[in-house]
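Trainee: I have a model open and would like to practise reasoning from values to labels. Could we go through it together?
Mentor: Gladly. Let's put it on the screen.

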Amino acid sequence: MANVGNQLPTQAVSKPPSGKHGNVLPLWGNEKTMNLNPMILTNVLSSPYFKVQLYELKTYHEVVDEIYFKVTHIEPWEKGSRKTAGQTGMCGGVRGVGTGGIVSTAFCLLYKLFTLKLTRKQVMGLITHTDSPYIRALGFMYIRYTQPPTDLLDWYNDFLDDEEVCHPGMPIVQQELDVKAGGGCVMTIGEMLRSFMTKLEWFSTLFPRIPVPVQKAIDQQMKARPRKVVQKEPEEEAESERQGERRGSRTPRRTPSPKRSPKRSRSRSHHRERERHGPSFDRELERERDRQRKERDGRDRDRERGDRERRRSRSADRNRERKRSRSGSRERRSERREKERDGEDRSRKKDRDHHKDRGSERERSRDRKSRTENDDRRHKDDRDRHREDRKAKRSSRSRSRERRHKSSAEEKVRKRDRSHSKERERERSHKRSRSKERSRHQRDSSNEHSSKHGERKRSQSAE
(Lines give C-alpha, C1' and ligand atoms only; values in the text may rest on other atoms or scores of the structure.)
Protein backbone atom coordinates (compact mmCIF):
# COMPACT_ATOMS: atom_id res chain seq x y z
CA MET A 1 0.00 0.00 0.00
CA ALA A 2 0.99 3.57 -0.51
CA ASN A 3 2.69 4.60 2.70
CA VAL A 4 1.89 8.19 3.58
CA GLY A 5 4.91 8.43 5.84
CA ASN A 6 7.20 7.68 2.89
CA GLN A 7 7.53 11.27 1.70
CA LEU A 8 10.20 13.65 0.57
CA PRO A 9 11.88 15.84 3.20
CA THR A 10 9.89 19.03 3.58
CA GLN A 11 12.82 21.12 4.79
CA ALA A 12 13.73 22.26 1.28
CA VAL A 13 10.10 23.23 0.59
CA SER A 14 9.27 26.63 2.04
CA LYS A 15 5.72 26.94 3.28
CA PRO A 16 3.71 29.70 1.62
CA PRO A 17 3.71 32.62 4.02
CA SER A 18 0.81 34.73 2.73
CA GLY A 19 -2.61 34.01 4.21
CA LYS A 20 -1.56 30.92 6.17
CA HIS A 21 -1.35 30.68 9.94
CA GLY A 22 -1.19 27.37 11.74
CA ASN A 23 -2.21 24.01 10.34
CA VAL A 24 -5.72 25.07 9.28
CA LEU A 25 -5.93 25.59 5.53
CA PRO A 26 -8.54 28.20 4.54
CA LEU A 27 -10.69 27.63 1.44
CA TRP A 28 -11.07 30.17 -1.36
CA GLY A 29 -14.24 30.58 -3.41
CA ASN A 30 -17.32 28.40 -3.08
CA GLU A 31 -17.07 26.18 -0.01
CA LYS A 32 -19.63 23.69 -1.33
CA THR A 33 -18.68 23.15 -4.98
CA MET A 34 -14.87 23.52 -4.66
CA ASN A 35 -15.12 25.89 -7.68
CA LEU A 36 -15.70 22.88 -9.95
CA ASN A 37 -17.66 22.98 -13.19
CA PRO A 38 -21.37 22.32 -12.43
CA MET A 39 -21.54 19.50 -14.98
CA ILE A 40 -18.49 17.76 -13.50
CA LEU A 41 -19.79 18.26 -9.96
CA THR A 42 -23.22 16.77 -10.77
CA ASN A 43 -21.60 13.78 -12.47
CA VAL A 44 -19.29 13.27 -9.48
CA LEU A 45 -22.14 13.41 -6.97
CA SER A 46 -24.28 11.03 -9.05
CA SER A 47 -21.55 8.52 -9.89
CA PRO A 48 -21.87 5.13 -8.12
CA TYR A 49 -18.10 5.09 -7.52
CA PHE A 50 -18.33 8.23 -5.40
CA LYS A 51 -21.59 7.31 -3.67
CA VAL A 52 -20.77 3.68 -2.85
CA GLN A 53 -17.02 2.98 -2.82
CA LEU A 54 -15.65 6.37 -1.77
CA TYR A 55 -18.37 6.75 0.86
CA GLU A 56 -16.71 3.93 2.82
CA LEU A 57 -13.36 5.79 2.92
CA LYS A 58 -13.28 7.96 6.01
CA THR A 59 -9.60 8.88 6.50
CA TYR A 60 -6.92 10.72 4.57
CA HIS A 61 -4.64 7.65 4.37
CA GLU A 62 -7.37 5.48 2.84
CA VAL A 63 -8.01 8.08 0.14
CA VAL A 64 -4.26 8.29 -0.65
CA ASP A 65 -4.12 4.50 -1.03
CA GLU A 66 -7.16 4.63 -3.30
CA ILE A 67 -5.40 7.25 -5.47
CA TYR A 68 -2.34 5.02 -5.70
CA PHE A 69 -4.34 2.01 -6.94
CA LYS A 70 -7.05 3.63 -9.06
CA VAL A 71 -5.80 6.83 -10.71
CA THR A 72 -4.16 6.46 -14.14
CA HIS A 73 -4.73 9.98 -15.51
CA ILE A 74 -5.98 13.35 -14.30
CA GLU A 75 -8.38 14.26 -17.09
CA PRO A 76 -11.95 15.03 -15.86
CA TRP A 77 -13.67 12.54 -18.21
CA GLU A 78 -12.93 8.96 -19.15
CA LYS A 79 -11.82 8.22 -22.69
CA GLY A 80 -14.67 8.10 -25.23
CA SER A 81 -17.42 8.90 -22.70
CA ARG A 82 -18.17 12.43 -24.04
CA LYS A 83 -19.04 13.35 -27.61
CA THR A 84 -18.35 17.04 -28.17
CA ALA A 85 -17.92 17.01 -31.95
CA GLY A 86 -19.68 19.94 -33.62
CA GLN A 87 -20.42 21.77 -30.37
CA THR A 88 -19.43 25.41 -30.02
CA GLY A 89 -20.01 28.29 -27.65
CA MET A 90 -21.53 27.47 -24.29
CA CYS A 91 -22.02 23.86 -25.41
CA GLY A 92 -18.38 23.42 -26.37
CA GLY A 93 -16.04 20.84 -24.98
CA VAL A 94 -14.07 23.42 -22.97
CA ARG A 95 -17.12 24.70 -21.10
CA GLY A 96 -18.30 21.25 -20.15
CA VAL A 97 -21.98 22.20 -19.99
CA GLY A 98 -23.34 20.56 -23.11
CA THR A 99 -23.27 16.84 -22.52
CA GLY A 100 -22.04 14.80 -19.62
CA GLY A 101 -20.05 11.60 -19.60
CA ILE A 102 -18.35 9.17 -17.27
CA VAL A 103 -16.46 11.28 -14.77
CA SER A 104 -12.91 10.12 -14.00
CA THR A 105 -11.80 8.54 -10.74
CA ALA A 106 -9.24 11.33 -10.35
CA PHE A 107 -11.90 14.05 -10.04
CA CYS A 108 -14.06 11.84 -7.80
CA LEU A 109 -11.09 11.41 -5.45
CA LEU A 110 -10.27 15.12 -5.74
CA TYR A 111 -13.75 16.03 -4.50
CA LYS A 112 -13.45 13.35 -1.81
CA LEU A 113 -10.29 15.10 -0.57
CA PHE A 114 -12.27 18.34 -0.53
CA THR A 115 -14.94 16.75 1.67
CA LEU A 116 -12.24 15.75 4.17
CA LYS A 117 -11.19 19.44 4.63
CA LEU A 118 -7.47 18.81 4.39
CA THR A 119 -4.98 20.57 6.62
CA ARG A 120 -1.79 22.23 5.37
CA LYS A 121 0.29 19.33 6.63
CA GLN A 122 -1.83 16.84 4.69
CA VAL A 123 -1.60 18.93 1.51
CA MET A 124 2.18 19.10 1.89
CA GLY A 125 2.14 15.32 2.33
CA LEU A 126 0.29 14.98 -0.98
CA ILE A 127 2.56 17.20 -3.04
CA THR A 128 5.76 15.63 -1.63
CA HIS A 129 4.62 12.00 -1.86
CA THR A 130 7.06 9.50 -3.37
CA ASP A 131 4.94 6.47 -4.25
CA SER A 132 3.02 7.84 -7.23
CA PRO A 133 3.20 11.06 -9.29
CA TYR A 134 -0.60 11.04 -9.55
CA ILE A 135 -0.87 11.59 -5.79
CA ARG A 136 1.27 14.71 -6.18
CA ALA A 137 -0.74 15.81 -9.23
CA LEU A 138 -4.03 15.64 -7.34
CA GLY A 139 -2.44 17.55 -4.45
CA PHE A 140 -1.37 20.36 -6.81
CA MET A 141 -4.81 20.34 -8.46
CA TYR A 142 -6.44 20.60 -5.02
CA ILE A 143 -4.31 23.71 -4.41
CA ARG A 144 -5.31 25.16 -7.82
CA TYR A 145 -9.02 24.77 -7.08
CA THR A 146 -9.16 25.73 -3.38
CA GLN A 147 -6.38 28.27 -2.71
CA PRO A 148 -6.34 32.01 -3.50
CA PRO A 149 -4.70 32.95 -6.82
CA THR A 150 -2.22 35.17 -5.02
CA ASP A 151 -0.81 32.14 -3.16
CA LEU A 152 -0.41 29.81 -6.15
CA LEU A 153 3.11 30.93 -6.97
CA ASP A 154 4.17 30.48 -3.35
CA TRP A 155 2.85 26.92 -3.40
CA TYR A 156 4.29 25.98 -6.82
CA ASN A 157 7.56 27.93 -6.74
CA ASP A 158 9.74 25.13 -5.35
CA PHE A 159 8.36 22.54 -7.78
CA LEU A 160 8.51 24.38 -11.11
CA ASP A 161 11.92 22.90 -12.02
CA ASP A 162 11.18 19.53 -10.39
CA GLU A 163 12.39 16.88 -12.86
CA GLU A 164 13.91 13.93 -10.94
CA VAL A 165 15.05 13.86 -7.35
CA CYS A 166 17.05 11.13 -5.64
CA HIS A 167 17.41 11.25 -1.87
CA PRO A 168 19.75 9.04 0.16
CA GLY A 169 18.06 5.87 1.29
CA MET A 170 15.07 6.41 -1.05
CA PRO A 171 14.38 5.26 -4.61
CA ILE A 172 14.47 7.67 -7.53
CA VAL A 173 11.21 9.61 -7.71
CA GLN A 174 9.45 9.50 -11.04
CA GLN A 175 8.14 12.97 -11.81
CA GLU A 176 6.75 12.29 -15.29
CA LEU A 177 3.09 11.37 -15.59
CA ASP A 178 0.57 10.79 -18.37
CA VAL A 179 -2.28 13.21 -17.73
CA LYS A 180 -4.51 12.25 -20.66
CA ALA A 181 -7.13 9.52 -20.57
CA GLY A 182 -5.86 6.68 -22.72
CA GLY A 183 -2.29 8.01 -22.74
CA GLY A 184 -0.40 10.21 -25.14
CA CYS A 185 0.29 13.36 -23.10
CA VAL A 186 3.36 12.81 -20.93
CA MET A 187 4.65 15.77 -18.94
CA THR A 188 6.66 16.44 -15.82
CA ILE A 189 5.39 17.94 -12.60
CA GLY A 190 7.03 21.28 -13.45
CA GLU A 191 5.39 21.43 -16.87
CA MET A 192 2.02 20.62 -15.37
CA LEU A 193 2.36 23.38 -12.75
CA ARG A 194 3.36 25.92 -15.40
CA SER A 195 0.26 24.91 -17.35
CA PHE A 196 -1.87 25.33 -14.21
CA MET A 197 -0.68 28.90 -13.70
CA THR A 198 -0.50 30.13 -17.31
CA LYS A 199 -3.51 28.43 -18.92
CA LEU A 200 -7.15 28.54 -17.89
CA GLU A 201 -8.23 25.42 -19.78
CA TRP A 202 -7.50 21.89 -18.63
CA PHE A 203 -8.72 19.41 -21.24
CA SER A 204 -12.54 19.71 -21.21
CA THR A 205 -12.97 21.96 -18.17
CA LEU A 206 -11.84 25.32 -16.80
CA PHE A 207 -9.86 26.25 -13.71
CA PRO A 208 -11.01 29.13 -11.48
CA ARG A 209 -10.14 32.44 -13.10
CA ILE A 210 -7.08 34.31 -11.92
CA PRO A 211 -7.38 38.12 -11.66
CA VAL A 212 -5.59 40.06 -14.38
CA PRO A 213 -2.98 41.76 -12.12
CA VAL A 214 -2.11 38.44 -10.47
CA GLN A 215 -1.89 36.74 -13.87
CA LYS A 216 0.45 39.45 -15.18
CA ALA A 217 2.72 39.06 -12.17
CA ILE A 218 2.79 35.27 -12.65
CA ASP A 219 3.58 35.62 -16.36
CA GLN A 220 6.44 38.03 -15.62
CA GLN A 221 7.96 35.66 -13.09
CA MET A 222 7.59 32.73 -15.49
CA LYS A 223 9.41 34.70 -18.21
CA ALA A 224 12.11 35.81 -15.80
CA ARG A 225 12.57 32.22 -14.67
CA PRO A 226 13.08 29.97 -17.71
CA ARG A 227 12.82 26.26 -17.32
CA LYS A 228 15.98 24.52 -16.18
CA VAL A 229 17.18 21.56 -18.21
CA VAL A 230 18.90 19.08 -15.92
CA GLN A 231 21.58 16.98 -17.64
CA LYS A 232 22.58 13.64 -16.19
CA GLU A 233 25.30 11.16 -16.75
CA PRO A 234 24.47 8.00 -18.71
CA GLU A 235 25.20 5.79 -15.69
CA GLU A 236 22.66 7.65 -13.58
CA GLU A 237 20.17 7.58 -16.44
CA ALA A 238 20.59 3.83 -16.84
CA GLU A 239 20.23 3.36 -13.11
CA SER A 240 17.05 5.50 -13.13
CA GLU A 241 15.70 3.43 -16.02
CA ARG A 242 16.38 0.23 -14.06
CA GLN A 243 14.63 1.67 -11.05
CA GLY A 244 11.69 2.72 -13.23
CA GLU A 245 11.41 -0.79 -14.64
CA ARG A 246 11.65 -2.31 -11.17
CA ARG A 247 8.98 -0.03 -9.77
CA GLY A 248 6.61 -0.82 -12.62
CA SER A 249 6.49 2.70 -14.03
CA ARG A 250 3.27 3.72 -15.72
CA THR A 251 4.98 6.07 -18.20
CA PRO A 252 8.02 5.55 -20.42
CA ARG A 253 11.24 7.25 -19.47
CA ARG A 254 13.00 9.79 -21.65
CA THR A 255 15.88 8.69 -23.78
CA PRO A 256 19.25 10.15 -22.85
CA SER A 257 20.33 13.23 -24.78
CA PRO A 258 22.80 12.47 -27.64
CA LYS A 259 25.64 14.59 -26.25
CA ARG A 260 29.28 13.92 -25.74
CA SER A 261 29.71 11.01 -23.36
CA PRO A 262 31.60 11.87 -20.19
CA LYS A 263 33.33 8.47 -20.30
CA ARG A 264 35.75 9.70 -22.92
CA SER A 265 37.04 12.54 -20.81
CA ARG A 266 37.27 10.21 -17.83
CA SER A 267 39.26 7.63 -19.80
CA ARG A 268 41.67 10.29 -20.99
CA SER A 269 42.16 11.67 -17.51
CA HIS A 270 42.77 8.13 -16.16
CA HIS A 271 45.41 7.52 -18.87
CA ARG A 272 47.21 10.72 -17.95
CA GLU A 273 47.13 9.80 -14.25
CA ARG A 274 48.58 6.38 -15.08
CA GLU A 275 51.47 7.99 -16.87
CA ARG A 276 52.10 10.22 -13.87
CA HIS A 277 51.80 7.73 -10.97
CA GLY A 278 52.68 4.34 -12.49
CA PRO A 279 51.48 0.79 -11.56
CA SER A 280 50.82 1.51 -7.86
CA PHE A 281 48.20 3.99 -8.87
CA ASP A 282 46.60 1.37 -11.14
CA ARG A 283 46.31 -1.03 -8.21
CA GLU A 284 44.75 1.59 -6.00
CA LEU A 285 42.41 2.58 -8.80
CA GLU A 286 41.33 -1.04 -9.30
CA ARG A 287 40.77 -1.39 -5.54
CA GLU A 288 38.70 1.79 -5.55
CA ARG A 289 36.67 0.50 -8.48
CA ASP A 290 36.09 -2.82 -6.74
CA ARG A 291 35.01 -1.03 -3.59
CA GLN A 292 32.60 1.20 -5.57
CA ARG A 293 31.23 -1.85 -7.37
CA LYS A 294 30.63 -3.60 -4.09
CA GLU A 295 28.90 -0.54 -2.70
CA ARG A 296 26.75 -0.31 -5.82
CA ASP A 297 25.93 -3.99 -5.60
CA GLY A 298 25.01 -3.56 -1.93
CA ARG A 299 22.83 -0.58 -2.77
CA ASP A 300 21.22 -2.49 -5.61
CA ARG A 301 20.57 -5.41 -3.28
CA ASP A 302 19.08 -3.12 -0.67
CA ARG A 303 16.91 -1.48 -3.29
CA GLU A 304 15.85 -4.84 -4.65
CA ARG A 305 14.98 -5.98 -1.14
CA GLY A 306 12.98 -2.82 -0.57
CA ASP A 307 11.26 -3.29 -3.91
CA ARG A 308 10.52 -6.91 -3.10
CA GLU A 309 9.11 -5.97 0.26
CA ARG A 310 6.97 -3.30 -1.35
CA ARG A 311 5.80 -5.74 -3.99
CA ARG A 312 5.03 -8.30 -1.32
CA SER A 313 3.15 -5.75 0.74
CA ARG A 314 1.25 -4.58 -2.33
CA SER A 315 0.53 -8.15 -3.43
CA ALA A 316 -0.59 -8.96 0.12
CA ASP A 317 -2.83 -5.93 0.10
CA ARG A 318 -4.19 -6.92 -3.28
CA ASN A 319 -4.77 -10.47 -2.08
CA ARG A 320 -6.56 -9.08 0.95
CA GLU A 321 -8.68 -6.91 -1.27
CA ARG A 322 -9.42 -9.87 -3.52
CA LYS A 323 -10.33 -12.01 -0.54
CA ARG A 324 -12.51 -9.24 0.79
CA SER A 325 -14.13 -8.84 -2.61
CA ARG A 326 -14.63 -12.62 -2.88
CA SER A 327 -16.02 -12.83 0.63
CA GLY A 328 -18.17 -9.83 -0.12
CA SER A 329 -19.38 -11.47 -3.35
CA ARG A 330 -20.12 -14.68 -1.47
CA GLU A 331 -21.99 -12.79 1.18
CA ARG A 332 -23.88 -10.93 -1.50
CA ARG A 333 -24.77 -14.19 -3.22
CA SER A 334 -25.93 -15.70 0.06
CA GLU A 335 -27.89 -12.55 0.79
CA ARG A 336 -29.44 -12.69 -2.68
CA ARG A 337 -30.38 -16.34 -2.19
CA GLU A 338 -31.87 -15.57 1.21
CA LYS A 339 -33.73 -12.65 -0.29
CA GLU A 340 -35.02 -14.86 -3.10
CA ARG A 341 -36.13 -17.49 -0.60
CA ASP A 342 -37.76 -14.85 1.52
CA GLY A 343 -39.43 -13.50 -1.58
CA GLU A 344 -40.74 -16.95 -2.51
CA ASP A 345 -42.01 -17.51 1.02
CA ARG A 346 -43.60 -14.12 0.99
CA SER A 347 -45.23 -14.81 -2.37
CA ARG A 348 -46.60 -18.09 -1.07
CA LYS A 349 -47.87 -16.40 2.06
CA LYS A 350 -49.40 -13.71 -0.09
CA ASP A 351 -51.15 -16.34 -2.23
CA ARG A 352 -52.49 -18.06 0.87
CA ASP A 353 -53.54 -14.79 2.37
CA HIS A 354 -55.09 -13.87 -0.95
CA HIS A 355 -57.20 -17.05 -1.02
CA LYS A 356 -58.16 -16.51 2.60
CA ASP A 357 -58.95 -12.92 1.83
CA ARG A 358 -61.14 -14.02 -1.07
CA GLY A 359 -63.19 -16.32 1.19
CA SER A 360 -63.41 -13.69 3.86
CA GLU A 361 -64.35 -11.12 1.25
CA ARG A 362 -67.17 -13.37 0.01
CA GLU A 363 -68.47 -13.79 3.52
CA ARG A 364 -68.12 -10.09 4.08
CA SER A 365 -69.99 -9.38 0.86
CA ARG A 366 -72.80 -11.69 1.96
CA ASP A 367 -72.93 -10.02 5.35
CA ARG A 368 -72.93 -6.65 3.67
CA LYS A 369 -75.81 -7.69 1.40
CA SER A 370 -77.85 -8.99 4.34
CA ARG A 371 -77.04 -5.87 6.29
CA THR A 372 -78.04 -3.67 3.40
CA GLU A 373 -81.33 -5.57 2.98
CA ASN A 374 -82.08 -5.25 6.69
CA ASP A 375 -81.14 -1.60 6.58
CA ASP A 376 -83.43 -1.06 3.59
CA ARG A 377 -86.29 -2.73 5.41
CA ARG A 378 -85.65 -0.65 8.47
CA HIS A 379 -85.52 2.48 6.37
CA LYS A 380 -88.81 1.60 4.69
CA ASP A 381 -90.46 0.95 8.04
CA ASP A 382 -89.06 4.16 9.38
CA ARG A 383 -90.32 6.03 6.34
CA ASP A 384 -93.81 4.57 6.72
CA ARG A 385 -93.86 5.37 10.42
CA HIS A 386 -92.65 8.84 9.69
CA ARG A 387 -95.36 9.34 7.10
CA GLU A 388 -98.05 8.10 9.50
CA ASP A 389 -96.66 10.34 12.21
CA ARG A 390 -96.75 13.25 9.85
CA LYS A 391 -100.36 12.50 8.92
CA ALA A 392 -101.34 12.17 12.57
CA LYS A 393 -99.56 15.38 13.39
CA ARG A 394 -101.27 17.15 10.54
CA SER A 395 -104.72 15.90 11.64
CA SER A 396 -104.00 16.83 15.25
CA ARG A 397 -102.86 20.23 14.14
CA SER A 398 -106.02 20.76 12.09
CA ARG A 399 -108.15 19.67 15.07
CA SER A 400 -106.26 21.95 17.42
CA ARG A 401 -106.69 24.76 14.94
CA GLU A 402 -110.46 24.11 14.76
CA ARG A 403 -110.64 23.95 18.53
CA ARG A 404 -108.67 27.16 18.81
CA HIS A 405 -110.92 28.79 16.23
CA LYS A 406 -114.07 27.68 18.08
CA SER A 407 -112.69 28.76 21.44
CA SER A 408 -111.68 32.11 20.00
CA ALA A 409 -115.19 32.59 18.59
CA GLU A 410 -116.76 31.59 21.87
CA GLU A 411 -114.46 33.93 23.72
CA LYS A 412 -115.40 36.73 21.35
CA VAL A 413 -119.10 36.02 21.99
CA ARG A 414 -118.50 35.88 25.71
CA LYS A 415 -116.59 39.12 25.56
CA ARG A 416 -119.43 40.70 23.62
CA ASP A 417 -121.98 39.39 26.13
CA ARG A 418 -119.86 40.61 28.98
CA SER A 419 -119.54 44.02 27.39
CA HIS A 420 -123.31 44.18 26.79
CA SER A 421 -124.06 43.11 30.36
CA LYS A 422 -121.61 45.67 31.67
CA GLU A 423 -123.26 48.39 29.63
CA ARG A 424 -126.67 47.30 30.87
CA GLU A 425 -125.51 47.36 34.46
CA ARG A 426 -124.01 50.78 33.93
CA GLU A 427 -127.33 52.04 32.53
CA ARG A 428 -129.21 50.48 35.43
CA SER A 429 -126.85 51.95 37.96
CA HIS A 430 -127.18 55.33 36.23
CA LYS A 431 -130.97 55.08 36.34
CA ARG A 432 -130.84 54.10 40.01
CA SER A 433 -128.59 57.00 40.82
CA ARG A 434 -130.98 59.34 39.01
CA SER A 435 -133.99 57.93 40.84
CA LYS A 436 -132.17 58.26 44.15
CA GLU A 437 -131.26 61.83 43.37
CA ARG A 438 -134.86 62.57 42.45
CA SER A 439 -136.13 61.03 45.66
CA ARG A 440 -133.56 62.96 47.65
CA HIS A 441 -134.51 66.15 45.92
CA GLN A 442 -138.18 65.53 46.59
CA ARG A 443 -137.42 64.82 50.21
CA ASP A 444 -135.41 67.94 50.55
CA SER A 445 -138.04 70.01 48.87
CA SER A 446 -140.78 68.52 51.11
CA ASN A 447 -138.72 69.15 54.22
CA GLU A 448 -138.17 72.72 53.20
CA HIS A 449 -141.83 73.21 52.51
CA SER A 450 -142.74 71.67 55.86
CA SER A 451 -140.17 73.85 57.65
CA LYS A 452 -141.45 76.95 55.96
CA HIS A 453 -145.03 76.01 56.80
CA GLY A 454 -144.13 75.43 60.49
CA GLU A 455 -142.29 78.73 60.67
CA ARG A 456 -145.32 80.42 59.24
CA LYS A 457 -147.49 78.78 61.81
CA ARG A 458 -145.11 79.74 64.57
CA SER A 459 -144.95 83.29 63.39
CA GLN A 460 -148.74 83.43 63.20
CA SER A 461 -149.05 81.92 66.63
CA ALA A 462 -146.57 84.41 68.01
CA GLU A 463 -148.47 87.19 66.50
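**From values to labels**

Trainee: Why is Val24 called exposed or buried?
Mentor: Val24 has a relative accessibility of 64%, and exposed means over 50%, so Val24 counts as exposed. Keep in mind that this is a predicted model. Val24 sits in the segment before helix H1 (38–46).

Trainee: Which residue lies 95 residues away from Val24 in sequence, and how far apart are the two in space?
Mentor: That is Thr119, with a C-alpha to C-alpha separation of 5.3 Å.

Trainee: What makes Met34 buried or exposed?
Mentor: Its relative accessibility is 1%. The cut-off for buried is under 20%, so Met34 is buried. Like Val24, Met34 belongs to the segment before H1. Its phi is near 60°, a positive value in a residue other than glycine.

Trainee: And how do you know how to label Lys117?
Mentor: Lys117 has a relative accessible area of 43%. Partly exposed covers what is between the 20% and 50% limits, so Lys117 is partly exposed. Lys117 is in the loop between H4 and helix H5 (120–127), and its phi, near 55°, is also positive in a residue other than glycine.

Trainee: What about Glu75, buried or exposed?
Mentor: Glu75 has a relative accessible area of 14%; with the limit at under 20%, Glu75 is therefore buried. You will find Glu75 in the loop between H3 and helix H4 (105–115). Beyond neighbours within four places in sequence, its contacts include Ser104, Phe107, Val179 and Phe203.

Trainee: Why is helix H6 described as largely enclosed?
Mentor: Because 14 of the 14 residues of H6 are buried, the rest of the structure largely encloses H6. H6 covers residues 133–146 and spans 20 Å from first C-alpha to last, close to the 20 Å expected at 1.5 Å a residue.

Trainee: What makes Ser132 a cap for H6?
Mentor: A side-chain oxygen of Ser132 lies 3.3 Å from the backbone nitrogen of Tyr134. A polar contact needs an N or O pair within 3.5 Å, and Ser132 caps the N-terminal end of H6.

Trainee: Why are H3 and H6 called oblique?
Mentor: Their axes cross at roughly 120°. The perpendicular range is 65 to 115 degrees and antiparallel starts over 145, so H3 and H6 are oblique to each other. The axes come within 8 Å, and the crossing is right-handed. Val64, Ile67 and Tyr68 in H3 meet Tyr134, Ile135 and Leu138 in H6.

Trainee: How do you know which label fits H4 and H6?
Mentor: These axes cross at roughly 60°. Parallel means under 35 degrees and perpendicular begins at 65, so H4 and H6 are oblique as well. The axes come within 10 Å in a right-handed crossing. On the H4 side the contacts include Phe107, Leu110 and Phe114, while those of H6 include Leu138, Met141 and Tyr145.

Trainee: What makes helix H8 largely enclosed?
Mentor: Eight of the 10 residues of H8 (residues 189–198) are buried, so the rest of the structure largely encloses H8. Among the buried ones are Ile189, Met192, Leu193 and Phe196. The cover over the buried residues of H8 includes H6, helix H7 (152–156) and helix H9 (212–224).

Conventions: Residues are numbered from 1 along each chain as its sequence is written. This is a predicted model: local features need pLDDT of at least 70, side-chain atom pairs count only at pLDDT 80 or more; totals for chains, interfaces and linings use all residues. Side-chain values use heavy atoms; hydrogens and water are left out. Helices (H or I, at least four residues) and strands (E, at least two) are DSSP runs, numbered from the N terminus. The expected span of a helix is 1.5 Å times one less than its number of residues. Buried means under 20% relative accessible area, exposed over 50%, partly exposed in between (1.4 Å probe, protein chains only). A polar contact is a pair of N or O atoms within 3.5 Å; within protein, one must be able to donate a hydrogen and the other to accept it, and residues adjacent in sequence count only if both atoms are side-chain atoms. Axes are lines fitted to C-alpha atoms, for helices over the stretch in contact, and angles run from 0 to 180 degrees between N-to-C directions. A crossing is left-handed if the near helix is turned anticlockwise from the far one by less than a right angle, and right-handed if clockwise. Contact means heavy atoms within 4.5 Å.
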